[in-house]
Amino acid sequence: MDTADQKIGTYTPSSDSENPLLGRFDKPLPCFGCGIGWFSFLLGFVCPLLWYYATILYFGNYYHKDPRERAGLAASAIAALVFTIAAVITIAIIVL
């Protein structure tokens with residue numbers, strides 16, 4: 001359905017037979033609209049275990065359900081990696 005053919009006040013379907021993904025991601029993301037990845041990234045500074053949770057979701061391909069989650073989950077995975085490296089270095093310095 002072309003937008004030029006529509007009349008004012010007529011119903012327009014949110015999906016299209018030619019593009020089945022149209023209207024699929026109109027629903028807001030969970031966790032106050034920022035998505036699980038960014039929510040875990042921000043709260044990970046308080047509780048780093050959330051970074052590991054988001055990393056498991058990232059490597060479990062959770063973002064295939066909603067591609068908008070990919071950036072936040074990747075940021076949490078990188079934060080978990082940096083935190084792990086910093087913790088290992090800190091423990092190595094304390095022990096030696």
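Leaving aside its neighbours within four places in sequence, which residues is serine 40 in contact with? I kept this question at the top of my page and worked towards it.

**Entry 1: what I am looking at**

This is a predicted model, where local features need pLDDT of at least 70, side-chain atom pairs count only at pLDDT 80 or more, and totals for chains, interfaces and linings use all residues. Residues are numbered from 1 along each chain as its sequence is written, and side-chain values use heavy atoms, with hydrogens and water left out.

I checked confidence before anything else. pLDDT is the predictor's confidence in each residue, from 0 to 100. The mean for the protein is 80, and 71% of its residues reach 70 or more. I found the lowest confidence in H1, with a mean of 88, and the highest in H3, at 94.

**Entry 2: the overall layout**

I counted three helices and zero strands, in the pattern α-α-α along the sequence. Helices (H or I, at least four residues) and strands (E, at least two) are DSSP runs, numbered from the N terminus.

Next I looked up burial. Buried means under 20% relative accessible area, exposed over 50%, and partly exposed in between (1.4 Å probe, protein chains only). Of the 96 residues, 22% count as buried.

Contact here means heavy atoms within 4.5 Å. Among contacts with a separation of 6 or more, 50% come from residues 24 or more positions apart.

**Entry 3: back to serine 40**

Serine 40 sits in helix H1. I noted it as buried because its relative accessibility is 4%. Now my opening question: beyond its neighbours within four places in sequence, serine 40 is in contact with Leu50, Trp51, Tyr53, Ala54 and Ser76. I also looked at serine 40 and alanine 77, which are 37 residues apart along the chain; their C-alpha atoms are separated by 10.0 Å.

Serine 40 has company in H1, where the buried residues are Gly35, Ile36, Gly37, Ser40 and Phe41. Their cover includes H2 and H3.

**Entry 4: the two sides of H2**

Which residues of helix H2 are buried? In H2 (residues 49-59) I listed Trp51, Ala54, Thr55 and Leu57. They share one side of H2 because they cover an arc of only 160° around the axis, the arc being that of the directions from the helix axis to the C-beta atoms. This made me recall that an α-helix has 3.6 residues a turn, so residues three or four places apart point the same way.

Turned away from the buried side is a face with the exposed residues Leu49, Ile56 and Phe59. Helix H1 (35-43) and helix H3 (70-95) are included in what covers the buried residues of H2. After H2 I met asparagine 61, with a positive phi near 60°.

**Entry 5: threonine 55 and serine 76**

Threonine 55 lies in H2 and is buried, at a relative accessible area of 15%. Setting aside neighbours within four places in sequence, threonine 55 is in contact with Ser76, Ala77 and Ala80.

That led me to serine 76, in helix H3. Is serine 76 buried or exposed? It counts as buried, because its relative accessibility is 0%. A polar atom of its side chain lies 3.3 Å from the backbone nitrogen of phenylalanine 41. With neighbours within four places left out, the contacts of serine 76 are Gly37, Ser40, Phe41, Trp51, Ala54 and Thr55.

**Entry 6: aromatic rings**

I searched the whole structure and got five aromatic pairs. Rings of Phe, Tyr and Trp (its six-membered ring) pair if their centres lie within 6.5 Å; planes under 30 degrees apart count as stacked, over 60 as edge-to-face and the rest as tilted. The pair of tryptophan 38 and phenylalanine 41 is edge-to-face, because the planes are at 90°, with the centres 5.7 Å apart. These two are three residues apart in H1, so about one helical turn separates them. Tryptophan 38 counts as partly exposed, at 37% relative accessibility. Ring pairs link Trp38, Phe41, Phe45, Trp51 and Phe83 into a cluster.

**Entry 7: the database record**

The unreviewed UniProt entry annotates residues 36-59 and 71-95 as "transmembrane region". UniProt positions are given in the numbering used here, feature names are shortened, and annotations may be inferred rather than shown by experiment. I compared the record with the model. Residues 36-59 are 79% helix and 0% strand, with end C-alpha atoms 14 Å apart. Residues 71-95 are 100% helix and 0% strand, with end C-alpha atoms 36 Å apart.

Key
Polar contact = N/O pair within 3.5 Å; in protein donor to acceptor, adjacent residues only side chain to side chain.
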